[in-house]
Amino acid sequence: MRNYFGHRILMTLVLISHFLISSFSQSPNWRDTLTVLNKQIAQSQWSTDLHLRKANANLQLKQWQYAVEEYALVLQHEARNPAALFYRAYAYTHLRRFDLARNDLNDLLMVLPHHFEARLSLAVVLQQLGRKQEALDHLNQAIQQSPDSAVAYAARANLERDMKQDEAALYDWQKAEELSPKDPTYVVSHVDLLLVLERRKEARRVLDAAVSRGVPRGMLLEWYAKCKR
């Protein structure tokens, strides 16, 4: 579960600030959207909006390198464009070019130092690069900035577990559960760590509390079974 959650955090953190590009097309047929945008770009003078839309279509189609190249064009015209920096970093994570993702997120934070999603994303990228203490510093800042964010506590718990700071991780999983009481991912991550520490009774109490909050018991059956072993 730790590896699953780390992957989930990495792939989702950089998607949670869609307000940066609120004008993106919502069409489910991204190939058709891309065809239309390519025609519009060919027939128009430079338009940042059109290129951002095209890059978004590339992302939706998982054309990571094309997206990187499109955002690079935007950044040639607007070196501090927040959307291009943020989403190019996202594309870089899929290409596993974490050093380049880090550079873009650092540049974005120079422009917008209170950009919460960028700081969270940077922390996860730094963790992938093995720079764990630096990642922890950014997560601490993110939590200070947004103390009601469950995902920030969860990201810090995931890192703390990686750093063998198990008691700190348990506290943060509990905080994530309190802030997002019906998210089973936080529950099973919390329980997983308790089971590793051989604290089965406590793990069972966490599961029971989750069910009482409305988490479907059926989603937790595997973990109830592990508590009995």
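**View 1. Helix 9 and helix 10 run roughly antiparallel to each other.**
In this predicted model, the axes of helix 9 and helix 10 come within 8 Å and cross at roughly 160°. An angle over 145 degrees counts as roughly antiparallel, so that label fits this pair. As for handedness, helix 9 passes helix 10 in a left-handed crossing. If you want to find the two in the sequence, helix 9 covers residues 150-162 and helix 10 covers residues 166-179. Two numbers are worth keeping in mind here, since packed helices are described by the angle between their axes and the distance between the axes.

**View 2. Helix 8 also packs against helix 9.**
Helix 8 takes in residues 132-145. Its axis and that of helix 9 come within 10 Å and cross at roughly 155°. That makes helix 8 roughly antiparallel to helix 9. Helix 8 passes helix 9 in a left-handed crossing.

**View 3. Helix 11 is largely enclosed by the rest of the structure.**
Pick out residues 184-196 and you have helix 11, which is 13 residues long. From its first C-alpha to its last it reaches 18 Å, close to the 18 Å expected at 1.5 Å a residue. How many of its 13 residues are buried? The count is 12, so the helix is largely enclosed by the rest of the structure. Among the buried ones are Pro184, Tyr186, His190 and Asp192, along with Val187, Val188 and Val191. Leu193, Leu194 and Leu195 are buried too.

**View 4. Asp183 sits at the start of helix 11.**
Zoom in on the beginning of helix 11 and look for the side chain of Asp183. One of its oxygens reaches to within 2.9 Å of the backbone nitrogen of Thr185. Thr185 itself is one of the buried residues of helix 11.

**View 5. A salt bridge joins Asp192 and Arg161.**
The closest N and O atoms of Asp192 and Arg161 are 2.5 Å apart. Asp192 lies in helix 11 and Arg161 in helix 9, so the pair ties together parts that are 31 residues apart in sequence. Are these two partners buried or exposed? Asp192 counts as buried, at 13% relative accessibility. Arg161 is buried as well, with a relative accessible area of 10%.

**View 6. More salt bridges, one pair or network at a time.**
The count of salt bridges in the model comes to 14. In one of them, the side chains of Glu134 and Arg131 meet at 2.7 Å, N to O. Both partners are partly exposed: Glu134 has 29% relative accessibility, and Arg131 has 36%. Another pair is Glu202 and Arg199, whose side chains meet at 3.0 Å, N to O. Here Glu202 is partly exposed at 26% relative accessibility, and Arg199 is partly exposed with a relative accessible area of 27%. Salt bridges can also link up, and Arg156, Glu160 and Asp172 are joined in a network of them.

**View 7. Glu198 takes a positive phi just after helix 11.**
Most residues other than glycine have a negative phi. Glu198 is not a glycine, yet its phi is positive, at about 60°. Where does Glu198 sit? Its place is in the loop between helix 11 and helix 12, the latter covering 200-213. With a relative accessible area of 66%, Glu198 is exposed.

**View 8. Lys62 has a positive phi as well.**
Move to the loop between helix 3 (48-60) and helix 4 (64-77) and you'll find Lys62. Its phi is positive, at about 60°, although Lys62 is not a glycine. Is Lys62 buried or exposed? Lys62 is exposed, with a relative accessible area of 61%.

**View 9. Glu178 and Asp148 are apart in sequence, and here is how they sit in space.**
Glu178 belongs to helix 10. Count along the chain and Glu178 and Asp148 are 30 residues apart, while in space their C-alpha atoms are 9.6 Å apart. Glu178 counts as partly exposed, at 48% relative accessibility.

Methods:
Residues are numbered from 1 along each chain as its sequence is written. This is a predicted model: local features need pLDDT of at least 70, side-chain atom pairs count only at pLDDT 80 or more; totals for chains, interfaces and linings use all residues. Side-chain values use heavy atoms; hydrogens and water are left out. Helices (H or I, at least four residues) and strands (E, at least two) are DSSP runs, numbered from the N terminus. The expected span of a helix is 1.5 Å times one less than its number of residues. Buried means under 20% relative accessible area, exposed over 50%, partly exposed in between (1.4 Å probe, protein chains only). A polar contact is a pair of N or O atoms within 3.5 Å; within protein, one must be able to donate a hydrogen and the other to accept it, and residues adjacent in sequence count only if both atoms are side-chain atoms. A salt bridge is a side-chain nitrogen of Lys or Arg within 4 Å of a carboxyl oxygen of Asp or Glu. Axes are lines fitted to C-alpha atoms, for helices over the stretch in contact, and angles run from 0 to 180 degrees between N-to-C directions. Angles under 35 degrees count as roughly parallel, over 145 as roughly antiparallel, 65 to 115 as roughly perpendicular and the rest as oblique. A crossing is left-handed if the near helix is turned anticlockwise from the far one by less than a right angle, and right-handed if clockwise.
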